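Please look through the sequence and the structure shown here, and then follow the text below from one acidic side chain to the chain as a whole.

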Amino acid sequence: MSRWGLLGWLDDLEDADEDVAEIPSLDILSEPDILERGWGWQRLLPYEYGCIEWSEFKGYLQDYYHKNADQVAALIMNYKPDFYVWGISPNLNTSHAAADLCIRSEAKLQSLPRKLSRKDIKLSRAITEHAKHIFQSGDESFLAGPGFVCIMKEAELMCQLLQCKFDPTNFISFSNQIRRSALNLMLHNVDKSTAIPAAAAMVGLAREAKFARYVLTREDYESYMDYDVCDMIREGTAEVLTRLEKEFARDTASNGSVLLGAPTARKPEETEGAV
């Protein structure tokens, strides 16, 4: 879409009566002023294969992360981590607080009366294992904070979905796809510059999961449109995690790095549908 087309989109957006986000073309990334006015930096633009060079989109993810680096702390600020329960100093960083909260959210998810599948429980236990390892060992990991917050927010969304009257099976499966990818990405030992796009995607997904929970509580007609937009963002960003998983796996294999795990290195969780 040309600049004139994007300006037309912006005019329509500003004149619209409904307060529902309208996702612009990824061409907007080449027009920073329109991006700032029309979309901003609170929500990620969903990735679409073939619409933009992957390297350019990763550059956008890096910008998004730098503008939202404080969101990991913001997303957990209303919780009180159980530092003293675990006998760990309360002077730990956000990553360890996020790990603690992730442990609690997984326990709540597993305790719900509406049963999870065996594959769901296996994933939840793997998440808990890694979170306990990070929390108790005090190990530093750049992706731990964004990763655990992303996983925790998806778990909270799943808890809400499991209490809905409709069949949430497909929604639960999608949340677990995101959670599995986030866990796998955390297990790879990559440098910070390589990890920043993944951190950005995780932060963006955590914010969307939080917004999805809010939308599910509403009954106005705009809630359906809001959820559709949220779903598009989550689907596009889940694809980002999948692509980054493959990149991380190649990087880890080529440089001989080991996977991070607890208590010893272990392989990433299998993707959905794997035998």
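**A buried acid, an exposed acid and their setting**

In this predicted model, Asp120 is buried and yet has no salt bridge, the nearest side chain of opposite charge being that of Arg180, which is 5.6 Å away. That distance does not qualify, because a salt bridge requires a side-chain nitrogen of Lys or Arg within 4 Å of a carboxyl oxygen of Asp or Glu. As for its place along the chain, Asp120 belongs to helix 7, which covers residues 118-137. When the neighbours within four places in sequence are left aside, Asp120 is in contact with Ile172 and Asn176.

A second aspartate offers a contrast in setting. Asp12 lies in helix 1, which covers residues 3-15, and it counts as exposed because its relative accessibility is 52%, where the threshold for that class is over 50%. Together with Asp11, Asp15 and Glu22, Asp12 forms a negative surface patch.

Both aspartates sit in a chain that has eleven helices and zero strands, so that, by the DSSP runs used to assign these elements, the pattern read along the sequence is α-α-α-α-α-α-α-α-α-α-α. Of the 275 residues of the chain, 51% count as buried, while the accessible surface comes to about 13800 Å², with 50% of it belonging to carbon and sulfur atoms. Turning to contacts between residues at least 6 apart in sequence, 74% of them join residues that are at least 24 apart.

Key. Residues numbered from 1 in each chain as written. Predicted model: local features only at pLDDT ≥ 70, side-chain atom pairs only at ≥ 80, totals over all residues. Heavy atoms only, no water. Patch = residues over 30% accessible without salt bridge, like charges linked within 9 Å, V, L, I, M, F, W, Y side chains within 5 Å. Areas by Shrake-Rupley, 256 points an atom, 1.4 Å probe, with all protein chains shown as cover. Lys, Arg positive; Asp, Glu negative; His and termini not counted. Charge placed at Lys NZ, Arg CZ, Asp CG, Glu CD. Helix = DSSP H or I, 4+ residues; strand = E, 2+ residues; numbered from the N terminus. Buried < 20%, exposed > 50% of the residue type's maximum accessible area, 1.4 Å probe, protein only. Contact = heavy atoms within 4.5 Å.
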